Amino acid sequence: QVQLVESGGGLVQAGGSLRLSCAASGSDFSINAMRWYRQAPGAQRDLVADISRSGTTTYADSVKGRFTISRDNAKNSVFLVMNGLKPEDTAVYYCNADIFRLRTLTNYWGQGTQVTVSS
C-alpha cells in the first residue's frame, strides 16, 4: 500500500507565505504526475498545480505567479510554495499522485492540510 502525507499548512496573514510538503511512503512503487488540489468550504475541489515526473508544470490561473510546485523524485515528494497569499486561498489543500505499483496505475490522495489566510 502507498500513503501520501501532507504537512506545512497553517494560519498566515494576507501577503504571507507557506510551504506545503507531501511525501509518499510504501514500497515498490514509482510516481508519475503529482498535483495539489484545494477545497474551500462549500466549494468543489479544484486543481491548483501539477507537475510531471520530468518537471513540467501547470497552474490554475488564480495562483499563477504566486505559487510554485516542485518535486524531489529521490524522496518521492512534492512541494507547493505559496507566496502573496490571499484570504481566498483559504482551503484544505490535498496532495494527489498517479502511482505505479504491482503493474497497476492508481490515483492516490493525501488526507489534506488546512491553509487559512487572514485579512
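**Close-ups of strand β11 and the disulfide**

**View 1. Tyr93 sits across from Thr113 of β11.** This is a predicted model. Strand β9, which covers residues 91-101, runs antiparallel to β11, and three bridges join the two.

**View 2. On its other pairing, β11 runs parallel to β2.** Here we look at residues 10-13, the stretch that makes up β2, joined to β11 by four bridges. Val12 is worth picking out: its bridge partner in β11 is Val117.

**View 3. Side chains along β11 take turns, one face and then the other.** In a regular strand, side chains alternate between the two faces of the sheet. Strand β11 spans residues 113-118, and Thr113, Val115 and Val117 point to one face, where they are buried. Gln114, Thr116 and Ser118 point to the other face and are not buried. Two names from the earlier views turn up again on the buried face: Thr113, which stands opposite Tyr93, and Val117, the bridge partner of Val12.

**View 4. Cys22 and Cys95 are joined by a disulfide.** A search of the whole structure turns up one disulfide, and the sulfur atoms of this pair lie 2.1 Å apart. The link ties together distant parts of the chain: Cys22 belongs to strand β3 (residues 18-25) and Cys95 to strand β9, 73 residues apart. Turn about the S-S bond and you get -80 degrees, so the link is left-handed.

**View 5. Buried or exposed: where do the two cysteines fall?** Cys22 has a relative accessibility of 1%, so it counts as buried. Cys95 comes in at 0% relative accessible area, and is buried too. The cut-off for buried is under 20%.

Note on methods:
Residues numbered from 1 in each chain as written. Predicted model: local features only at pLDDT ≥ 70, side-chain atom pairs only at ≥ 80, totals over all residues. Heavy atoms only, no water. Buried < 20%, exposed > 50% of the residue type's maximum accessible area, 1.4 Å probe, protein only. Pairing = 2+ DSSP bridges. Disulfide = S-S within 2.5 Å.
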